[in-house]
Amino acid sequence: AFNTIREFDKQLIAVGKTADISGKELNDFGEDVINLGLKLKGVSIQGLLESSEVAGQLGIKGSENILKFSKSIELLKLSAKGIGEESVADFAKFIEVSSDSAKNADRLGSVITELGNNFATTEKEIISSATEIAKGTQLYDVSAQAVLGLAAATSSLGVQDQAARTSIRKTFGVLQQAIFTGKNLDRVLQLTNLTQKELSEQFKKDSTGVFLKFLKGLKDINDTGGNTSVVMQELQLAGDRIAPTITSLAEKYELTADAVARANKEYIENTAALREAEAASKSLDSQIGDLGDSWDGLVLSIENGQGSIANSFKSMISGATSLLNSFRDLETAQDKVFELTGEENKMNELFLKYVFTAGLYSTEADKLIAKQKEFNLLTQDLEDQKIVAYKDAISVLNHSLDTNIDMSENMVTL
């Protein structure tokens, strides 16, 4: 029990330092972590705290946001392989560059789980690709969940992250230019099957939806025997990276549209991650972990590091430390006494030698008297210092006794 309390207290302090949380807010956060850890199957209290510390290091602010982020990460770890520190950092970066925020980290994490379960890609690859796509589409108000859907499509088709970013950004740029400058407007209207007014209104409201219509138009041209390469050149989308990526997305239009639709739906429902956690919790390893977590939760619900048990242990430790320091101070005081006594003995020897020598010559009588006065003064000074040293030693002993008494009382109380 003590080890559980100690580790929890240690990790909670670490979270406070990285996330700049203290006092009552930190204590309340600790209680929220305990409650969430007991509620979520397969997710440990310690794991939530460790992810919360990482969240603070990555710049996520606010107790609620940090808890949602750590919950998302721990659930992703349950459902996905390869989710390590790099992916955690990428997830935080994705949230930062996307149109969303950390308060919806649980929803975004559940979208990633849903996409990872239904497409030929991994959660790690989705996060990595989405971060790049989000950077390229920041000017076009694309929702974070739509970006994740596009990332699932591009990564499942084997498109590299940078190529996905450049290709999608360029295509969104073509659509925007058609609306605001009229460049290639007729071709864009043909491909999207929209009027000029509809194109403008829908791009403002749902730019991803217009992009999907654009892909559908390219697919229709290809399916009817048309030449999509000519169209891509006309729209200045014929680059080595751009044309292959957009053509692949168009050819697999149903896959791309399905990925975006699933992402939008899961963002609202927010259930995939919890379903995965529930399924993972049925394994023997997870059940053993949950049993241990239940014990930790029971201990921490009674004592989370700030109550009477922890304070008694802290007082005992403080008393023991103080006692050891007292013994060290006592040893120092005793050494001082011995040192002064040694100095006095040396002076006595020197004075006796001087008396013997001076006694042989009567002419040295005056010097003998002077030396005797000097010796008396030095001896008195040594005696004064010895008295002070003895008093210090007695004071240290008294303090040690008081410390022993306090520590004994604490142990009795505990």
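## Confidence of the model

Residues 286–291 keep a pLDDT under 50 throughout, and the model gives this stretch 9 contacts beyond four places in sequence. A second stretch, residues 410–414, also has pLDDT below 50, with 7 contacts in the model beyond near neighbours in sequence. The structure is a predicted model.

Over the protein chain, the mean pLDDT is 79, and 66% of the residues reach 70 or more. Among the elements of the chain, helix H17 (residues 284–302) has the lowest mean pLDDT, 50, whereas H8 has the highest, 98.

## Overall architecture

The protein chain contains 19 helices and 0 strands. Of its 414 residues, 44% are buried. Where contacts join residues at least 6 apart in sequence, 73% of them link residues at least 24 apart.

The exposed surface of the protein chain amounts to about 22000 Å², of which carbon and sulfur atoms supply 52%.

## Packing of H8 and H15

Helix H8, the element with the highest mean pLDDT, spans residues 144–156 and packs with helix H15, residues 253–269. The angle between the two is about 145 degrees, and their axes lie 8 Å apart. The crossing of H8 and H15 is right-handed.

On the H8 side, the contact is formed by Gln145, Ala146, Gly149, Leu150, Ala152, Ala153 and Ser156. H15 contributes Leu255, Thr256, Ala259, Val260, Ala263, Asn264 and Tyr267. By class, the residues of this contact comprise 9 nonpolar and 5 polar, with no charged residues.

Conventions:
Residues numbered from 1 in each chain as written. Predicted model: local features only at pLDDT ≥ 70, side-chain atom pairs only at ≥ 80, totals over all residues. Heavy atoms only, no water. Axes fitted to C-alpha atoms, helices over the stretch in contact; angles between N-to-C directions. Helix = DSSP H or I, 4+ residues; strand = E, 2+ residues; numbered from the N terminus. Left-handed = near helix turned anticlockwise from the far one by under 90°. Contact = heavy atoms within 4.5 Å. Nonpolar A, V, L, I, M, F, W, Y, C, P; charged D, E, K, R; others polar. Buried < 20%, exposed > 50% of the residue type's maximum accessible area, 1.4 Å probe, protein only. Areas by Shrake-Rupley, 256 points an atom, 1.4 Å probe, with all protein chains shown as cover. pLDDT = per-residue confidence, 0-100.
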